[in-house]
Structure formats: C-alpha cells, structure tokens
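Biologist: Hey, got a minute to walk me through this one? I'd like to start with the domains and then get to the strands.

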Amino acid sequence: MHANAVVHVADRSARPVSDDELCKGLAVAEIVGPAEGSVHMQISESVLDPGGHIAGHLHPFEESFILLSGEVYLRMNGCDTAFRPGDFGVVPLGVAHSWRNVSDAPVKWLRVRAPQPRDVEVVRDSTFLVDSFGLPALSSSAPPFGLPTVRHFGHFDEVQMPPPGPVAIRGANNYAVSNISIRLMVDDTVGARHHIMFVGQMASAPEQAHNAPPPHYHAFEEMYYFVSGAARGLLEGVEHPIRAGDVAFAGVNATHGFIPIGDEPLRWIEVMAPRPPEQDSMLFVNQWNAVQEASREGRRIT
Ligand SMILES: [Fe+2]
C-alpha cells in the first residue's frame with residue numbers, strides 16, 4: 001500500500017502559532033504533511049489576523065501561495081506588494097520576505113512548501129530571521145500584471161480556464177486524458193524549482209464519464225484541493241466520496257483517479273512535488289495493460 005489520504009479541510013482547525021519575534025496573529029491548519037504519509041510537500045491554510053505580521057525571514061524550501069480570502073501585503077526583492085483573492089505566487093528558496101495584514105479582516109491563503117521542511121513540527125529549525133528586514137509599507141500596491149517585470153506572481157480568474165481537452169502537464173502523455181482544463185500557475189517560469197501548482201477542472205456530464213482520467217501513478221507526490229463539484233475518488237483501489245472542501249493526497253506510486261459526478265464541474269487546486277520529469281511523468285494503468293495485451297496478440301507496440 002502506497003501513501004494516500006483523503007482529508008476534510010473543515011476538520012483541520014487552524015492552530016494559533018504563538019506570538020514571538022517572528023510572527024504575530026498567525027494560525028496554521030496543516031492539511032498534508034508527514035501525518036498523511038508525505039515526504040515531499042507541506043500543505044497548509046494560513047490565517048493572519050488583522051494587524052498580524054510575519055517578520056523578515058527565509059528558509060531552505062520554496063513557498064507558493066494562492067490567496068483564498070482577505071488581503072495581504074508581502075515584502076520581497078525590494079518590493080511591497082498587495083494581494084487579493086485569486087492572486088498567487090512563489091517565494092523562491094532562500095529569498096527573504098515578510099507578510100502583513102493591515103486590513104480589518106483576517107486573510108487566508110493556501111500555503112505550499114517544497115521540499116518538505118526537515119521537521120514540520122519545529123518550524124524554527126528551518127526558518128531563519130532576517131534582522132532589520134522590515135514589514136511591507138502600509139500602502140502597498142497590486143502587482144502590475146501584464147508587465148514582463150512581474151517575475152513571481154500571477155492572478156487566477158475564472159475566464160482563464162481553457163476548454164476541456166487533452167492533459168497538458170509537464171511530461172504527460174496526451175492520449176490518456178481528453179476532458180480536462182488546466183490553468184498552470186506556479187512552475188519554473190515563476191521561479192519554482194521543487195513543485196508545480198495549477199487549477200484543474202473536469203466537466204461532470206455523464207457522457208464525459210468515460211473520459212475521466214483512469215487510475216494512474218507517478219514518481220512525485222500529488223495533492224488535490226477540491227473547490228467545487230463532487231467525484232468518486234479512487235485511491236489505491238479504494239473508493240472515497242469527494243466533494244468541495246476535501247483534499248486528496250497521492251504519495252509516490254499510489255494509484256489514483258477521480259470520476260466527476262453531479263451537475264457542477266469538478267474543480268481543484270493541484271500541487272505536484274517534486275516537479276514532474278520532462279517525459280513519462282504519469283503512468284496510466286490501463287495504457288500499460290494495453291501494451292501487454294497488444295504484445296500477447298502479436299500487435300505492434302512501438
Ligand atoms: Fe496524478
């Protein structure tokens with residue numbers, strides 16, 4: 001049995017991080033990490049209270065984010081930037097940064113760390129304070145999206161979802177899936193080296209059910225954070241009901257597949273870590289069975 005898990009995010013209440021010289025007003029809900037069998041990623045929801053901050057620091061892992069609610073400011077690479085829901089970005093490994101919430105409402109973001117911190121319970125072991133770094137200015141501004149000088153940030157909007165088609169992910173075999181929309185957000189083009197993050201969607205129309213990705217496995221870990229719709233999830237051959245608010249985790253070589261059900265499209269935020277290889281990144285069980293069958297029947301296989 002390979003590592004896999006289904007997590008109901010609502011069951012993972014945000015635990016306050018005690019105020020100290022690093023942070024004030026921060027709470028973190030752990031979603032995927034060692035407890036779920038992961039060795040390559042740490043996925044959490046971070047909540048920063050009004051007036052809260054995380055002082056200047058850096059760490060030996062990269063950190064990406066997508067804002068779920070509220071507004072937050074980030075200082076990084078000499079710039080102070082304001083983010084709103086749908087904004088995403090990556091803080092590259094070893095790059096100093098600080099966060100601040102100057103609004104009167106809490107801010108929540110999905111936080112992705114890869115490689116997985118050495119000890120996720122002892123955060124200070126792998127987080128290093130940067131003295132005199134300072135916090136973002138009280139009047140930080142939004143990134144000038146559209147300019148090529150914006151290197152690490154982007155914004156996801158509904159209208160960016162492409163029509164359903166073949167899977168188009170680093171190293172994937174296009175013939176295995178034909179009913180998926182993918183909006184890539186975080187990869188090497190925005191400075192990530194250890195993971196990728198994207199929004200995925202599958203239509204739930206019954207006539208498309210046969211187009212759902214069949215169970216597959218791969219040499220990297222994968223996390224699905226479902227935001228709309230429902231599905232029959234298959235993890236290592238065991239069926240799990242999936243709906244918005246659930247997270248599915250597939251460890252290395254764990255077979256997994258999702259069949260959308262109901263009226264709403266199935267949409268999720270997905271993370272792969274380590275970054276998928278450039279070829280043969282996903283191995284589909286039915287395709288390899290077909291190779292065996294063709295061989296036994298004397299048909300061409302290459
Ligand atoms: Fe997968």
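Modeller: Sure, we'll take the domains and their contact, then a sheet. Keep in mind that this is a predicted model.

Biologist: Okay, which domains does the assignment give?

Modeller: The domain assignment gives domain 1, residues 10-143, and domain 2, residues 158-296. Their C-alpha centres are 27 Å apart.

Biologist: And how many residues does the contact take from domain 1 and from domain 2?

Modeller: Domain 1 puts in 20 residues and domain 2 puts in 21.

Biologist: Which elements give two or more residues on the domain 1 side?

Modeller: Those are β3 (23-32), β5 (62-69), β8 (87-91) and β10 (107-114).

Biologist: How do the residues on that side divide into nonpolar, polar and charged?

Modeller: On the side of domain 1 that touches domain 2, 13 are nonpolar, five are polar and two are charged.

Biologist: Switching to sheets. What's the strand order in the open one?

Modeller: Six strands, running β1-β19-β16-β21-β14-β13, with antiparallel pairing. From one strand to the next, the twist averages 20°.

Biologist: Why is one side of β1 and of β13 left without a neighbour in the sheet?

Modeller: Because β1 (4-8) and β13 (181-186) stand at the edges, and each has a single partner strand.

Biologist: How many bridges join β13 to β14?

Modeller: Five, and the two strands run antiparallel, with β14 covering residues 196-202.

Biologist: Which residue in β14 does Leu-184 stand opposite?

Modeller: Leu-184 faces Phe-198 there.

Definitions and conventions: Residues numbered from 1 in each chain as written. Predicted model: local features only at pLDDT ≥ 70, side-chain atom pairs only at ≥ 80, totals over all residues. Domains from an automatic or database assignment. Contact = placed C-beta atoms within 7 Å. Helix = DSSP H or I, 4+ residues; strand = E, 2+ residues; numbered from the N terminus. Nonpolar A, V, L, I, M, F, W, Y, C, P; charged D, E, K, R; others polar. Pairing = 2+ DSSP bridges. Axes fitted to C-alpha atoms, helices over the stretch in contact; angles between N-to-C directions.
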